[in-house]
Amino acid sequence: MTDTAAEAAAVLDRLGVPRAAYTGGDLPVRSPIDGAVIGRVPTHGPADVAAAVGRAAAAFAAWRPVPAPQRGELVRRYGEALRAHKADLGRLVSLEAGKIVQEGLGEVQEMIDICDFAVGLSRQLYGLTIATERPGHRMMETWHPLGPVAVVTAFNFPVAVWSWNAMLAFVCGDSVVWKPSEKTPLTALACHALFERTAAAIEGVPAHLSNLVIGARDVGMALVDDARMPLVSATGSTRMGREVAPRVAARFGRAILELGGNNGMIVAPSADLALAERGITFAAVGTCGQRCTTLRRIIVHEGVYDRLVPRLASIWGRLPIGSPLEAGTLIGPLIDAAAFEAMQKALAQARAEGGTVHGGGRTLADRWPDARYVAPALVEMPAQSAIVARETFAPILYVMRYRDLDEAIAMHNAVPQGLASSIFTTDLREAERFMSAAGSDCGIVNVNIGPSGAEIGGAFGGEKETGGGRESGSDAWKGYMRRATNTINYSTALPLAQGIRFEIDG
Ligand code: UN1
């Protein structure tokens with residue numbers, strides 16, 4: 001047994017996952033750290049999905065009448081369990097997704113944060129009281145639980161994205177069926193085991209409030225097509241979203257889609273370049289370029305280009321790449337060989353389109369022949385050509401020049417995706433313009449910080465090919481409930497709206 005496999009087994013054991021759940025199954029799980037198999041998970045088929053949805057529907061029926069603050073108590077206790085197991089769960093994220101220790105822990109912290117947020121929310125699922133045009137009447141809206149929610153997540157945030165969805169769903173009175181990425185089922189098993197234990201210890205929480213189905217595309221599609229699930233929240237590629245959205249729409253289901261990003265930044269002449277350098281580096285190479293919010297394009301004013309870009313090239317040349325478990329490492333591995341191939345293909349295309357590539361090659365192959373470590377790439381492009389408009393899920397930062405801000409904003413928006421964006425400037429007018437209606441067309445628009453690493457308190461998501469969904473904070477909870485508009489007549493008359501007269505003679 002490799003070190004990673006032994007450590008994963010020890011961690012899973014401490015997190016309460018029975019050995020049978022990750023040994024002897026048909027799905028081998030590899031650690032991106034060394035490419036070793038760290039688990040073999042049994043997978044489900046479409047019939048198992050149907051059964052899981054049935055269990056989730058029964059749990060929903062029992063959960064929806066439970067008062068929301070009591071539902072919040074479950075989430076509060078889960079937040080406590082996460083606090084108690086933060087180190088182990090964070091470690092497992094590192095082992096299975098290849099995140100550096102800091103980012104693995106950060107991801108679990110993101111879970112804890114959304115638990116806290118959802119607990120507060122459980123007493124704030126407010127509806128409006130609305131002025132009515134009729135005397136002796138009152139209008140209001142009431143938010144009700146929606147139903148079992150399908151949550152489909154990607155490998156790169158294997159635990160946080162589920163919790164954004166699930167914790168809101170639970171306080172909203174919904175049950176959940178979760179399909180994690182086939183690349184990261186172990187962290188899902190761990191989250192689920194912790195949840196089951198928490199839920200079982202609380203009176204009034206029905207069994208199977210949280211359900212886990214593991215498998216490939218057919219499992220996901222069985223969920224997507226199941227009319228018993230009024231909401232499908234899916235995070236992943238635009239290609240996946242293109243398939244999911246019409247299928248959910250065909251049965252009049254609701255979809256929350258978090259798809260590809262191609263996040264840009266404008267670096268203006270007045271930018272604090274020392275700050276920009278740090279912001280760019282974390283956003284572009286953090287998580288080895290595998291966040292949907294990763295910075296992929298910078299549009300730099302020609303007046304600062306020659307000061308900023310050589311400095312970035314020098315930083316790119318000395319980034320500490322290595323095992324994410326080792327202290328000091330900032331760049332861990334890519335998830336797998338396919339991600340590496342996609343990166344190399346993109347770099348070849350960038351060269352063909354006139355780009356100058358710094359870095360981007362494979363590294364540490366002697367030590368870890370079965371893993372894929374890369375030097376992040378910085379690519380100077382003569383224009384925003386076809387490859388720049390595409391999202392490649394790897395650490396590639398394209399760099400382009402601009403002369404005036406209108407041109408930069410137009411270039412910024414001229415990609416199909418619309419997730420996160422930022423501007424580095426100390427000019428108030430430029431900052432406001434970038435955030436205005438005529439500025440960035442993204443769901444996340446930042447000033448003097450990079451596009452990645454959003455807090456859970458805001459609504460998270462983006463426009464255009466990013467899918468339009470919003471998760472996490474602000475009023476994203478409304479997506480997980482159904483709204484009823486109530487009109488109550490407390491008079492002895494029956495006036496009709498719009499002044500309509502409808503009297504029966506005699
Ligand atoms: C994702 O990459 O799917 O804003 C989510 C961020 C994180 C979440 C990213 N809080 O980078």
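## Where α4 meets α7

On the α4 side, Leu89, Leu92, Val93 and Glu96 make the contact, and their partners in α7 are Leu186, Thr187 and Ala190. Sorted by class, the residues of this α4–α7 contact come out as 5 nonpolar, 1 polar and 1 charged. Bear in mind that this is a predicted model.

As for the geometry, α4 covers residues 86-97 and α7 covers residues 185-200, and their axes come within 9 Å, crossing at roughly 160 degrees. That angle is over 145 degrees, so α4 counts as roughly antiparallel to α7. The crossing of α4 and α7 is left-handed.

## Around the ligand

Which residues are around the ligand? From the earlier part of the chain there are Glu110, Asn156, Phe157 and Val161, then Thr235, then the run Arg291, Cys292 and Thr293, and finally Ser452, Gly453 and Ala454.

The chemistry of that shell is mixed: 5 polar, 4 nonpolar and 2 charged residues. Glu110 and Arg291 are in the list, and both Glu and Arg go down as charged in this scheme.

## Two residues with positive phi

Thr287 isn't a glycine, yet its phi is positive, at about 55 degrees. You'll find Thr287 in the loop that links α10 (273-285) to β11 (295-301). Is Thr287 buried or exposed? It has 26 other C-beta atoms within 10 Å, and 20 or more is enough to count as buried, so Thr287 is buried.

Asn448 is another non-glycine residue with a positive phi, this one near 60 degrees. Its spot is the loop between β19 (444-447) and β20 (459-460). Here the neighbour count is 15 other C-beta atoms within 10 Å, so Asn448 is classed as partly exposed.

## Glu133, out in a loop

Glu133 sits in the loop running between β3 (129-130) and β4 (137-145). Why does Glu133 count as exposed? Because Glu133 has 10 C-beta neighbours inside 10 Å, and the exposed class takes in residues with 12 or fewer.

If you want a sense of distance across the model, try Glu133 and Ser440: they are 307 residues apart in sequence, and their C-alpha atoms are 40 Å apart in space.

Conventions:
Residues numbered from 1 in each chain as written. Predicted model: local features only at pLDDT ≥ 70, side-chain atom pairs only at ≥ 80, totals over all residues. Helix = DSSP H or I, 4+ residues; strand = E, 2+ residues; numbered from the N terminus. Near = placed C-beta within 6 Å. Axes fitted to C-alpha atoms, helices over the stretch in contact; angles between N-to-C directions. Parallel < 35°, antiparallel > 145°, perpendicular 65-115°, else oblique. Left-handed = near helix turned anticlockwise from the far one by under 90°. Contact = placed C-beta atoms within 7 Å.
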